[in-house]
Amino acid sequence: MINDKHVRIRIAGRSRSTPKTAANWKLSNGPADLEDELRRTPQLIKHWKYLWRREFVELRRGNAIVGTGHVDETTDDASVLWIILSNGRGRMLIHHLDGIDIWRLDHRITDQPSHP
């Protein structure tokens, strides 16, 4: 039986009341939580000119993850990227015709980047 202040739990034939505190409830801020969740999901970047230096990305070929790393350099026309691979695996040159998709993983990056 549930009322405003207590939740009744039935354990092995006996009844016990357990107070439900505010810490047990997840509060939602509405659109702000949705926006935060969207920033945490990977985003496919089709135009590499929108990638920033030192941005953390995931490299995929189809559904397979090839690796992860940080953007090091891009050419002026953004057709070629240098990626510093994670776990000390070196640096990788990727051309836009290589069939590798770049997915943005860095949740700190928003629509309006701030550069120092």
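**Close-up views of a predicted model**

**View 1. Arg 60, a buried arginine in a strand.** Arg 60 has a relative accessible area of 18% and counts as buried, because the cut-off for buried is under 20%. The model shown in this and the other views is predicted. Arg 60 belongs to strand E4, which covers residues 56-61. Which residues touch Arg 60 once its neighbours within four places in sequence are left aside? The contacts are Pro 42, Ile 65, Val 66, Gly 99, Ile 100, Asp 101 and Trp 103.

**View 2. The pair Glu 58 and Arg 60.** The side chains of these two residues form a salt bridge, with 2.6 Å from N to O. The pair is also listed as a polar contact between the side chains, again at 2.6 Å. Are the two partners buried or exposed? Glu 58 is buried, at a relative accessible area of 9%, and Arg 60 is buried as well, at 18%. Glu 58 also has a bridge partner in strand E8, namely Trp 103. Trp 103 appears among the contacts of Arg 60 too.

**View 3. Strand E8 and its two partner strands.** Strand E8 spans residues 101-104 and pairs with strand E3, residues 43-45, in the antiparallel sense over 3 bridges. Within this pairing, Leu 44 has Trp 103 as its bridge partner. E8 also pairs with strand E4, here over 4 bridges and again antiparallel. On that side, the bridge partner of Trp 103 is Glu 58. Trp 103 is therefore a bridge partner of both Leu 44 and Glu 58, in strands that count as paired because at least two bridges are found between them.

**View 4. The sheet as a whole.** Six strands make an open sheet with antiparallel pairing, in the order E3-E8-E4-E5-E6-E7. Which strands stand at the edges? The edge strands are E3 and E7 (91-95); each has a single partner strand, so one side of each is without a neighbour in the sheet. From one strand to the next, the twist averages 45°. Between E4 and E5 there are 6 bridges, and these two strands run antiparallel. Phe 56 is placed opposite His 70 of E5.

**View 5. Gly 69, a glycine in strand E5.** Gly 69 lies in strand E5 and is buried, with a relative accessible area of 0%. How many residues along the chain separate Gly 69 from Leu 105? They are 36 residues apart, and their C-alpha atoms are separated by 9.8 Å. Apart from neighbours within four places in sequence, the contacts of Gly 69 are Glu 55, Phe 56, Val 57, Ile 83, Ile 84, Leu 85 and Ser 86. One of these, Phe 56, stands opposite His 70 in E5.

**View 6. Arg 53 and its acidic partners.** Arg 53 and Asp 72 form a salt bridge through their side chains, at 3.4 Å from N to O. Asp 72 is in strand E5 (residues 64-74) and Arg 53 is in the loop between E3 and E4, so the salt bridge ties together parts of the chain 19 residues apart in sequence. Glu 73 forms a salt bridge with Arg 53 too, and here the closest N and O atoms are 3.2 Å apart. This second pair likewise links distant parts of the chain, with Glu 73 in strand E5 and Arg 53 in the loop between E3 and E4, 20 residues apart. Which of these residues are buried, and which partly exposed? Asp 72 is buried, at 13% relative accessibility. Glu 73 is partly exposed at 35%, and Arg 53 is partly exposed at 47%. Together with Arg 91, the residues Arg 53, Asp 72 and Glu 73 are linked in a network of salt bridges. In the whole structure, the search finds 5 salt bridges.

**View 7. The protein in overview.** The protein contains 1 helix and 8 strands. Along the sequence they follow the pattern β-β-α-β-β-β-β-β-β. Of the 116 residues, 22% are buried; among them are Gly 69 and Asp 72. The exposed surface is about 9,200 Å², of which carbon and sulfur atoms supply 52%. Among contacts with a separation of 6 or more, 42% involve residues 24 or more positions apart.

Definitions and conventions
Residues numbered from 1 in each chain as written. Predicted model: local features only at pLDDT ≥ 70, side-chain atom pairs only at ≥ 80, totals over all residues. Heavy atoms only, no water. Salt bridge = Lys/Arg side-chain N within 4 Å of Asp/Glu carboxyl O. Buried < 20%, exposed > 50% of the residue type's maximum accessible area, 1.4 Å probe, protein only. Axes fitted to C-alpha atoms, helices over the stretch in contact; angles between N-to-C directions. Contact = heavy atoms within 4.5 Å. Areas by Shrake-Rupley, 256 points an atom, 1.4 Å probe, with all protein chains shown as cover. Polar contact = N/O pair within 3.5 Å; in protein donor to acceptor, adjacent residues only side chain to side chain.
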